[in-house]
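Student: I have just opened this one and would like a guided look. Could we go through it together?
Tutor: Certainly; please bring it up on the screen.

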Amino acid sequence: MRAIAYNLDPLTASHPPGDEHPDTEIIGTDLSPTQPSWIPPNVKFEVDDCEEPWTFQEKFDVVHARYLAAAVENWPRLVAQAFQFTKPGGYAEFQDYDLEYYAEDGTLGQDLPISKWITTLLQASRDFKRDPCPGPKLEGWMRDAGFADVHATRYKIPIGPWPKDKHLKTIGAWNLVQIEEGLEAFTLRLFTQLLRWSTEEVQVLLANVRKNLRDPKIHAQFDFHVVYGRKLPPPPE
């Protein structure tokens, strides 16, 4: 049986779903042509803006989107378009962050550079009309759009290898790597263009943020939300 999936996360679209579901036609979109060079034959990519009106000629069995925190201006409209283009009986899934850092043991002091950085970054993103913490709201947006059988799960994601649990320690170590690698990219445009910080001021702050990120005594974490729901078929006549 041929199924069609629309994926707003190109890396997820290509592997492993494209390999694991060869009978499924998968379309992945992104704002920039940054897709992998090798992809399965059932996967194709398009440069598109998911916030513009969707113009697909057919509807999808599955719509999937993730990692859109601080990137979307109108979330209810995006989720409503996902509902519109999901086939009756099909599913949509959204996965995204709540980027508010916290520590359950009180080790993330508000006077720390990392706290100043994340608080300033999130507020700047909100001032730019891009919600940096859509995760907790996904369930409500999906229900409001018309999805049924909505299921929501929250995952705590540690920053750094401080957890005692081996699995969480590994997750935290990789999370630290991806945060450090993206630190300047997350920060520079909002801080220099919107908040008018100098590049030098930003670099001084980020140097201290890196020290906090690597400090095993600071048990920072944030939440990641996975929410999916179903578009009910029309009632029998």
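**Strands, surface and salt bridges**

Tutor: A right-handed β-α-β unit is formed by strand 4, helix 3 and strand 5. Please keep in mind that this is a predicted model.

Student: In which sense do strand 4 and strand 5 pair?
Tutor: Strand 4 and strand 5, the latter covering residues 86-102, pair in the parallel sense, over 6 bridges. Within strand 5, alanine 92 is the residue that valine 63 stands opposite.

Student: And how many bridges join strand 5 to strand 7?
Tutor: There are 9 bridges between strand 5 and strand 7, and these two run antiparallel. Alanine 92 appears here again, opposite glycine 229 in strand 7.

Student: Back to helix 3: what does glutamine 84 touch?
Tutor: Glutamine 84, which is placed in helix 3, touches Lys59 and Lys231, leaving aside residues up to four places away in sequence. Its C-alpha atom is separated by 9.3 Å from that of glycine 146, although the two residues are 62 apart along the chain.

Student: Is glutamine 84 buried or exposed?
Tutor: Neither: glutamine 84 counts as partly exposed because its relative accessibility is 43%.

Student: Let us move to the surface. Which residues make the nonpolar patch?
Tutor: Val62, Tyr91 and Tyr228 make a nonpolar surface patch of about 250 Å². Of these, tyrosine 228 belongs to strand 7, residues 221-230. Tyrosine 228 has 33% relative accessibility, so it counts as partly exposed.

Student: New topic: salt bridges. How many does the structure hold?
Tutor: The structure holds 11 salt bridges. Side chains of opposite charge can pair when their charged atoms come close.

Student: Which residue does glutamate 104 meet in a salt bridge?
Tutor: Glutamate 104 meets lysine 156 through their side chains, at 2.7 Å from N to O. This pair links distant parts of the chain, 52 residues apart: glutamate 104 is in the loop between strand 5 and helix 4, and lysine 156 is in strand 6, residues 148-158. Glutamate 104 is exposed at 56% relative accessibility, while lysine 156 is partly exposed at 36%.

Student: What about aspartate 149; which side chain does it meet?
Tutor: Aspartate 149 forms a salt bridge with arginine 230, at 3.7 Å from N to O. Because aspartate 149 lies in strand 6 and arginine 230 in strand 7, the pair ties together parts that are 81 residues apart in sequence. Aspartate 149 has a relative accessible area of 44% and is partly exposed; arginine 230 is partly exposed too, with 23%.

Student: And where do glutamate 180 and arginine 214 lie?
Tutor: These two side chains also meet in a salt bridge, at 2.6 Å from N to O. Glutamate 180 is in helix 6 (residues 166-194) and arginine 214 in the loop between helix 7 (199-213) and strand 7, so parts 34 residues apart in sequence are tied together. Arginine 214 is exposed, with a relative accessible area of 53%.

Student: One last thing, the backbone. What is notable about phi of tyrosine 67?
Tutor: Phi of tyrosine 67 is positive, near 60 degrees, in a residue other than glycine. Tyrosine 67 sits in the loop between strand 4 (60-66) and helix 3 (75-84), and it is partly exposed at 41% relative accessibility. Lysine 129, not a glycine, also has a positive phi, of about 65 degrees. The loop between helix 4 (113-127) and helix 5 (138-145) holds lysine 129, which counts as exposed at 55% relative accessibility.

Terms used. Residues are numbered from 1 along each chain as its sequence is written. This is a predicted model: local features need pLDDT of at least 70, side-chain atom pairs count only at pLDDT 80 or more; totals for chains, interfaces and linings use all residues. Side-chain values use heavy atoms; hydrogens and water are left out. Patches are made of residues with over 30% relative accessible area and no salt bridge: like charges are joined within 9 Å, nonpolar side chains (Val, Leu, Ile, Met, Phe, Trp, Tyr) within 5 Å. Accessible areas come from the Shrake-Rupley method with a 1.4 Å probe; for residues, only the protein chains shown count as cover. A salt bridge is a side-chain nitrogen of Lys or Arg within 4 Å of a carboxyl oxygen of Asp or Glu. Helices (H or I, at least four residues) and strands (E, at least two) are DSSP runs, numbered from the N terminus. Buried means under 20% relative accessible area, exposed over 50%, partly exposed in between (1.4 Å probe, protein chains only). Contact means heavy atoms within 4.5 Å. Two strands pair if DSSP finds at least two bridges between them. A crossover is right-handed if, with the strands pointing away from the viewer, the path from the first strand over the helix to the second runs clockwise.
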